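This report goes through one protein chain by its domains, strands, buried residues and cysteines. The sequence and structure are shown first.

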Amino acid sequence: DASEEGGPRTVPGACFARVRPSPLQNPRLVAMSLPALALLGLEAPEADPAAAEAEAALFFSGNRVLAGAEPAAHCYCGHQFGSFAGQLGDGAAMYLGEVLGPGGERWEMQLKGAGITPFSRQADGRKVLRSSIREFLCSEAMFHLGIPTTRAGTCVTSDSKVVRDIFYDGNPKNERCTVVLRIASTFIRFGSFEIFKPPDEYTGRKGPSVDRNDIRIQMLDYVISTFYPEIQEAYSDNTIQRNAAFFREITKRTARLVAEWQCVGFCHGVLNTDNMSIVGLTIDYGPFGFMDRYDPEHICNGSDNTGRYAYNKQPEICKWNLGKLGEALVPELPLEISQLILEEEYDAEFEKHYLQKMRKKLGLIQLELEEDRKLVSELLETMHVTAGDFTNIFYLLSSFSVDIDPSKFEDFLEELTSQCASVEELKVAFKPQMDPRQLSMMLMLAQSNPQLFALIGTKANINKELERVEQFSKLQQLTADDLLGRNKRHWKEWLEKYRVRLQKEVESVGNADAWNTDRVKVMNSNNPKYILRNYIAQNAIEAAENGDFSEVRNVLKLLEHPFQEGEGFQDVKEDAEEEGATAAAAVCAQETRSRQSYCSKPPLWASELCVT
């Protein structure tokens, strides 16, 4: 953009607008990821780490701009919760420039939370400590889980304050301005191509660069030649074929990405088109969450009232977003071509990758049988009816063997069912959310005035509430022994099917011991012991808000080794003198928190955490 006018405005005919980071008071380093910084050629200081931390805080807060940097904010649009929102853009993020890393790769550097840009709308261009710690930790956690993602190099906080109403309930508070250094090959996204969109038929909004197909061509040329050079080379003389090959590749990458999410129980939370990477990375960590208790309808974002971005909806939503990308590429890729590619490739690629990954998680390394799909489905159904912990149950399955003796089987069953929700946990999960009188009124309204009801509620939400009421009522009569007996029956039934399937593996190999060693190895490298559960992040946030950054750094080290016991450190436990001293977040009903081992089932208060 030729204009350097500050403050929020429409930016027509441009992909970027020049900006300057706004200085922070007394910036200081919360944590740094050395593996991420190594991409830029930065290494751990051998001498004077305090000086190095101060230098990192200075440059990666935006207080001092790196030599050669040309800070800019990126213009993009997006479909948010299914509706076209018009111009969005980097409202708090600033591109600094690109670095050629030691291996010759290009890495884009970006500061998130560095101040106002033309795309800040009514906001202040700042991010706070809690959201920044979550993004910093999850970016690195996903990388070490082997899932394509943007990276986070540093998290820097300050004495500068902004006002935030965390739960949108009229209780604002001052929070510390914090900046995350984000690193990726590119932050261009599906929404980058939506800036050319003519007025939307539903919202009436349009992109800021309507009729600028010349820029669309320029951006496509840049994206394909830079990030898909093999496609550029193969189709250099046919633009339509080249663009079709690019769309086919991003379709497959996106399908594989969401399959990876599903296999670790990751929920993104805000899968708008502006949060979808053009190179198939996980991008923009906001109200994300890893599932604890397996629930296919799990919603991690407290603001997602309709469940549009629930765990089980992620595959179809990503496909819908690809459809919107296809629309945004017209006329450079005719819509009928992109639609055909999407129908041919997406579901098949997702199913293939998902089943391949699930076979590894179950140690099915020798044979690929048609029945495996049903085995996985029945496992998830068993997890659902027993309210099993998604991560821990998969992790435990490597301890199960074909020829397990009866006494050890009972011990294994005991351990497995200990990862299922207790009666108390189920009561919290199924506690009705509406006042009975409110529910009764809504049911009457649904019958008497469907039009008015449609404005204030949905049938799905009411049905879900009725289901909660019924489940909660049943739980009042359920004893812990009854629940345990029921759960054991369910798991015995599935484990027998699993044993039969493993037996087929054994019969197809010559050396059963060598096969079992390989099986356990594959399972242990595909089933994490540690994930960034919400309560783990919350513990780190609360310590950091009280000036102690050690918990963030400890959790980061833990997440760098998700598949094994961490070396050189132990699971963090609360010191005795801290017991009860740390004020619990409002959502936790002021309950005293005793920290458990970070690989165990979450504490009861964790189920009440709300991320918006």
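The text below starts with the domains and ends with the cysteines.

**Domains**

The model is predicted. The chain is divided into domain 1, residues 16-226, and domain 2, residues 429-476. Between the C-alpha centres of domain 1 and domain 2 the distance is 40 Å.

Helix α15 spans residues 459-475, and alanine 460 has its place there. Alanine 460 has a relative accessible area of 54% and is exposed. Its C-alpha atom is separated by 30 Å from that of serine 131, and the two residues are 329 apart along the chain.

**Strand β7 and its partners**

Strand β7 covers residues 106-112; because six of its seven residues are buried, it is largely enclosed by the rest of the structure. Strand β7 pairs with β6 and with β10. The table sets out the two pairings.

| Strand paired with β7 | Residues | Sense | Bridges |
|---|---|---|---|
| β6 | 93-100 | antiparallel | seven |
| β10 | 173-184 | antiparallel | five |

On the β6 side, valine 99 has tryptophan 107 of β7 as its bridge partner. The hairpin of β6 and β7 has five residues between the strands, and glycine 104 in this hairpin takes a positive phi near 85 degrees. On the β10 side, glutamine 110 stands opposite arginine 182.

**Nonpolar cores**

In soluble globular proteins, nonpolar side chains tend to be buried together. The largest nonpolar core here has 152 residues, and those that touch the most other members are Phe193, Leu362, Leu397, Leu495, Tyr498 and Leu532. Helix α6 gives the largest share of this core, twelve residues. Outside its neighbours within four places in sequence, leucine 495 is in contact with Leu397, Phe400, Phe409, Phe412, Leu413 and Leu416. There is also a second, separate core of eight residues, including Ala387, Val423, Leu426 and Leu475.

**Threonine 254 in helix α6**

Helix α6 runs over residues 239-264 and contains threonine 254. Is threonine 254 buried or exposed? Its relative accessibility is 3%, so threonine 254 counts as buried. What does the side chain of threonine 254 reach? The side chain reaches the backbone oxygen of isoleucine 250, at 2.7 Å. When neighbours within four places in sequence are left aside, the contacts of threonine 254 are Phe190, Met276, Cys318, Leu322 and Tyr346.

**Cysteines**

A disulfide is a covalent bond between the sulfur atoms of two cysteines. The cut-off applied to a pair of cysteine sulfur atoms is 2.5 Å, and by this rule the count of disulfides comes to zero. Why does cysteine 263 have no bond to cysteine 267? The sulfur of cysteine 267 is the closest cysteine sulfur to that of cysteine 263, but it is 13 Å away, which is too far for a bond. Cysteine 318 is likewise in no disulfide, and its nearest cysteine sulfur, that of cysteine 267, is 12 Å away.

Cysteine 263 is buried, with a relative accessible area of 0%. Cysteine 318 has a relative accessibility of 1% and counts as buried. Cysteine 318 is also one of the residues in contact with threonine 254.

Terms used: Residues are numbered from 1 along each chain as its sequence is written. This is a predicted model: local features need pLDDT of at least 70, side-chain atom pairs count only at pLDDT 80 or more; totals for chains, interfaces and linings use all residues. Side-chain values use heavy atoms; hydrogens and water are left out. Buried means under 20% relative accessible area, exposed over 50%, partly exposed in between (1.4 Å probe, protein chains only). Helices (H or I, at least four residues) and strands (E, at least two) are DSSP runs, numbered from the N terminus. Two strands pair if DSSP finds at least two bridges between them. Domain bounds come from an automatic or database domain assignment. A polar contact is a pair of N or O atoms within 3.5 Å; within protein, one must be able to donate a hydrogen and the other to accept it, and residues adjacent in sequence count only if both atoms are side-chain atoms. Contact means heavy atoms within 4.5 Å. A nonpolar core is a set of buried Ala, Val, Leu, Ile, Met, Phe, Trp, Tyr and Cys residues joined through side-chain atoms within 4.5 Å.
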